Amino acid sequence: MRHWNALGEAPIPGTGRSLTLHADKDNFYIRISGGGELMNSRKHASEDALGRLPCQRLRRTDSARVLIGGLGMGFTLAAALQEVGSNAQVTVVELIPEVVEWNRGPLGECSGRPLDDPRTRIHIGDVAKLLNAGKTSYDVIALDVDNGPEGFTSATNDWLYSLPGITTAQQALRPGGLLAYWSAGPDRVFPGRLRKCGLDVEEVVVHAHGNKGARHYIWLAGRGDR
Ligand SMILES: C[S@@+](CC[C@H](N)C(=O)[O-])C[C@H]1O[C@@H](n2cnc3c(N)ncnc32)[C@H](O)[C@@H]1O
């Protein structure tokens, strides 16, 4: 039987459900009421890869503009910051204000406090709304807001994985930019949908922890003229 402390609870807007933060003596856990574990701080190799891989594929990273949705435990943000230069900006969009507060507290230790990095910008809100506003363009847009194309946290996130959602994200890319999507498991439809939008797709499978554990999927998608 696991002995953990409940450290916080936050409603997930529009769902009637909530996220909870727990810790035992070694790890932090974010869970969804009625839905199980969303993440834990021990297994983050694929979250790291989501931030690292698209930034490594950019031609220039010194002044890169990166958008990450959402924050979670901050591993994707921390990995992107490691790859980009001192003039870069990495904007992290998080729907739930309490998740940002948790990362400013003890939870922030597990990813090395990337919110404190001067290149980090925090936007509290829905990443779909930010993309739809169409105001800014990015070299990388990395999305891990849910379980993947098959939603888990919020059905409204489905739009991000739809043809209109992909097209909107694509329009927010700078020339040579890349979209990156995380998924808990394989998806037979989603890579084809990215290709339908005229994108070249690379599928990367990453174990949750070292070379063990669940196999998570990352799709990197960009135009062939990159
Ligand atoms: C699985 S976690 C992200 C994990 C993250 N990659 C990491 O490295 O820790 C998903 C996060 O996305 C947030 N989220 C869910 N839907 C969102 C949305 N539409 N816009 C912005 N953030 C969202 C959740 O609150 C949660 O913090």
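Helices (DSSP runs of H or I, at least four residues) and strands (DSSP runs of E, at least two residues) are numbered from the N terminus. I note that this is a predicted model, in which local features need pLDDT of at least 70 and side-chain atom pairs count only at pLDDT 80 or more, while totals for chains, interfaces and linings use all residues. Residues are numbered from 1 along each chain as its sequence is written, and side-chain values use heavy atoms, with hydrogens and water left out.

**Entry on serine 18**

I looked up serine 18 and found it in strand β2, residues 17-23. Serine 18 has a relative accessible area of 8% and is buried (under 20%, with over 50% called exposed and partly exposed in between; 1.4 Å probe, protein chains only). The side chain of serine 18 makes a polar contact of 2.8 Å with the side chain of glutamate 9 (a pair of N or O atoms within 3.5 Å; within protein, one must be able to donate a hydrogen and the other to accept it, and residues adjacent in sequence count only if both atoms are side-chain atoms).

**Entry on the ligand**

I then turned to the ligand, where a backbone N or O atom of threonine 76 lies 2.8 Å from a ligand oxygen atom, and a polar backbone atom of glycine 72 is 3.2 Å from an oxygen atom of the ligand. A nitrogen atom of the ligand lies 3.2 Å from a backbone N or O atom of leucine 95. Two or more residues of the shell around the ligand come from each of β4 (36-40), α2 (75-83) and β6 (89-94).
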